[in-house]
Amino acid sequence: MLQCLHPSIMKDIEKHGYTAPTSIQAQSMPVALSGRDLLGCVETGNGKTAAFNIPMIQHCLAQQPLQRGDGLLALVLAPTRELPQQIERAGAH
């Protein structure tokens, strides 16, 4: 699964010392990377954020350069105020 990721994503994964995907990541990322919809449910702290963000970033990196008026490449909705703050902190590391 990880072999198909953009080199910059792989570099960041290695930089942070991750060696293997969590269960939710291993099960959901191939589905998301193939472009299909999915719904996953797992306890907090098991890697859901990376499970949806890594395929989203991969998709964005694979797009042609944006032109004026092209619109959004991705949209993340979060049900609470705390979750986007947590996602932002995780991305800052």
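## Overall architecture

The chain contains four helices and zero strands. Followed along the sequence, its secondary structure reads α-α-α-α. The structure described here is a predicted model.

Measured out along the principal axes, the C-alpha atoms occupy a box of roughly 40 × 35 × 30 Å. The chain has 93 residues, of which 16% count as buried. Its accessible surface amounts to about 7,400 Å², and carbon and sulfur atoms account for 56% of that area. Among contacts with a sequence separation of 6 or more, 53% join residues 24 or more positions apart.

## The nonpolar core

The largest nonpolar core has six residues: Leu5, Ile9, Met10, Ile13, Met29 and Ile54. Helix H1, which spans residues 7-15, is the largest contributor to this core, with three residues.

Leu5 illustrates how members of the core are connected. When residues up to four places away in sequence are set aside, Leu5 touches Met10, Ile13, Met29, Leu33, Ile54 and Gln58. The core members Met10, Ile13, Met29 and Ile54 are thus accompanied by Leu33 and Gln58 in the list of residues that Leu5 touches.

## Gln58, a buried polar residue

Gln58 belongs to helix H3. Is Gln58 buried or exposed? Its relative accessibility is 17%, and because the limit for a buried residue is under 20%, Gln58 counts as buried.

A polar atom of the Gln58 side chain lies 2.7 Å from the backbone nitrogen of His6. Apart from neighbours within four places in sequence, Gln58 is in contact with Cys4, Leu5, His6, Ile9 and Leu33. Two of these residues, Leu5 and Ile9, are also members of the largest nonpolar core.

## Gln25 and its backbone partners

Gln25 is located in helix H2, residues 23-33. With a relative accessible area of 11%, Gln25 is buried.

Which backbone atoms does the side chain of Gln25 approach? One is the backbone nitrogen of Thr22, which is 2.9 Å from a polar atom of the Gln25 side chain. Another is the backbone oxygen of Gly47, which the side chain of Gln25 reaches at 3.1 Å.

## Asn53 and Phe52 in helix H3

Asn53 and Phe52 both lie in helix H3. Asn53 has a relative accessibility of 12% and therefore counts as buried. Phe52, at 37% relative accessibility, counts as partly exposed.

Once neighbours within four places in sequence are left aside, Asn53 is in contact with Val76 and Ile87. Under that condition, Phe52 is likewise in contact with Val76 and Ile87. Asn53 and Val76 are 23 residues apart in sequence, with a C-alpha to C-alpha distance of 8.9 Å. For Phe52 and Leu33, the sequence separation is 19 residues and the C-alpha atoms are 9.3 Å apart.

## The salt bridge

How many salt bridges does the structure hold? There is one, and it joins the side chains of Arg81 and Glu82, with an N to O distance of 3.9 Å. The pair qualifies because the cut-off for a salt bridge is a nitrogen to oxygen distance within 4 Å. In general, side chains of opposite charge can pair when their charged atoms come close.

The two partners fall into separate accessibility classes. Arg81 is exposed, with a relative accessible area of 62%, whereas Glu82 counts as partly exposed at 45%.

## A nonpolar patch on the surface

Leu72, Leu75 and Leu77 form a nonpolar surface patch of about 410 Å². Leu77 is situated in the loop between helix H3 (48-61) and helix H4 (82-92). At 72% relative accessibility, Leu77 counts as exposed, because the class of exposed residues begins over 50%.

## Summary of the picture

The predicted model combines a six-residue nonpolar core with buried polar side chains, including those of Gln25 and Gln58. The side chain of Gln25 reaches the backbone oxygen of Gly47, and that of Gln58 has a polar atom 2.7 Å from the backbone nitrogen of His6. At the surface, the patch made by Leu72, Leu75 and Leu77 is nonpolar, while Arg81 and Glu82 meet in a salt bridge.

Terms used
Residues numbered from 1 in each chain as written. Predicted model: local features only at pLDDT ≥ 70, side-chain atom pairs only at ≥ 80, totals over all residues. Heavy atoms only, no water. Patch = residues over 30% accessible without salt bridge, like charges linked within 9 Å, V, L, I, M, F, W, Y side chains within 5 Å. Areas by Shrake-Rupley, 256 points an atom, 1.4 Å probe, with all protein chains shown as cover. Helix = DSSP H or I, 4+ residues; strand = E, 2+ residues; numbered from the N terminus. Buried < 20%, exposed > 50% of the residue type's maximum accessible area, 1.4 Å probe, protein only. Polar contact = N/O pair within 3.5 Å; in protein donor to acceptor, adjacent residues only side chain to side chain. Core = buried A, V, L, I, M, F, W, Y, C linked by side-chain atoms within 4.5 Å. Contact = heavy atoms within 4.5 Å.
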